[in-house]
Amino acid sequence: DILRGEHMRSALELRATICLVDVRVEESDPDLFASEGFKNQVDIADVLVGHKTDLASESQKGAFLRWASGLFPAKAHICTAAKGAVDTGLLDIPCDASRRPPPLASLPIGLPITAGAVGDGAQPPPPPSA
């Protein structure tokens, strides 16, 4: 939202959000594939690139393309890449302003929040006494 705001609009031209996904992830790391963080990154992307196809089997490549094609809302572009060679033309695809990231407060950061949020005046709990 900050990048789309009044002050930044004149200095920046936002383009598509590109998400790289290892085509092997569904099979090799099902917990990551099912995680909220993974889903959020895929959801907000305008373009989905299945990469590391040079290391994947034909069935893994096919599974990625079937999964990616079934996403809603549909992506502006879905493609694959091998050996790190991503088409730089993807950078010219316009962004879809309707795709917005989830509110920051809803994103997991890996640390438990125990006593308020940063900046709200809350103090961290005292260290345990020995």
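**View 1. K83 sits in the segment after β3.** In this predicted model, K83 has a positive phi of about 55 degrees, although K83 is not a glycine. Most residues other than glycine have a negative phi, which makes this backbone angle a nice one to look at. With a relative accessibility of 72%, K83 counts as exposed, because exposed means over 50%.

**View 2. K52 is found in the loop between β2 and α5.** Here is another residue to check by its backbone: phi of K52 is near 65 degrees, a positive value in a residue other than glycine. How buried or exposed is K52? K52 is partly exposed, since its relative accessible area of 32% falls between the limits of 20% and 50%. K52 is also one of the residues touched by D22, which brings us to the next view.

**View 3. D22 belongs to strand β1, which covers residues 18–22.** D22 counts as buried because its relative accessibility, 18%, is under the 20% limit. Which side chain does the side chain of D22 meet in a polar contact? The partner is the side chain of R24, at 2.7 Å. Leaving aside residues up to four places away in sequence, D22 touches H51 and K52.

**View 4. Helix α5 runs over residues 58–69.** At 1.5 Å a residue, the 12 residues of α5 should span 16 Å, and the end C-alpha atoms are 16 Å apart, so the two values agree. Four residues to pick out along α5 are Q60, G62, F64 and A68, which are buried. An α-helix has 3.6 residues a turn, so residues three or four places apart point the same way. What covers the buried residues of α5? The cover includes β1, α2 (25–28), β2 (47–51) and β3 (77–80).

**View 5. A cis peptide bond joins F72 and P73.** Omega is about 0 degrees at this bond. Most peptide bonds are trans, so this one is worth a second look. To find P73, follow the loop between α5 and β3.

**View 6. The whole chain puts the close-ups in context.** The chain holds five helices and three strands, and from the N terminus on they run α-β-α-α-α-β-α-β. Of the 130 residues, 22% are buried. Among contacts with a separation of 6 or more, 71% are between residues 24 or more positions apart. The chain exposes about 9200 Å², with carbon and sulfur atoms supplying 59% of it.

Terms used. Residues numbered from 1 in each chain as written. Predicted model: local features only at pLDDT ≥ 70, side-chain atom pairs only at ≥ 80, totals over all residues. Heavy atoms only, no water. Helix = DSSP H or I, 4+ residues; strand = E, 2+ residues; numbered from the N terminus. Buried < 20%, exposed > 50% of the residue type's maximum accessible area, 1.4 Å probe, protein only. Contact = heavy atoms within 4.5 Å. Areas by Shrake-Rupley, 256 points an atom, 1.4 Å probe, with all protein chains shown as cover. Polar contact = N/O pair within 3.5 Å; in protein donor to acceptor, adjacent residues only side chain to side chain. Expected span 1.5 Å × (residues − 1).
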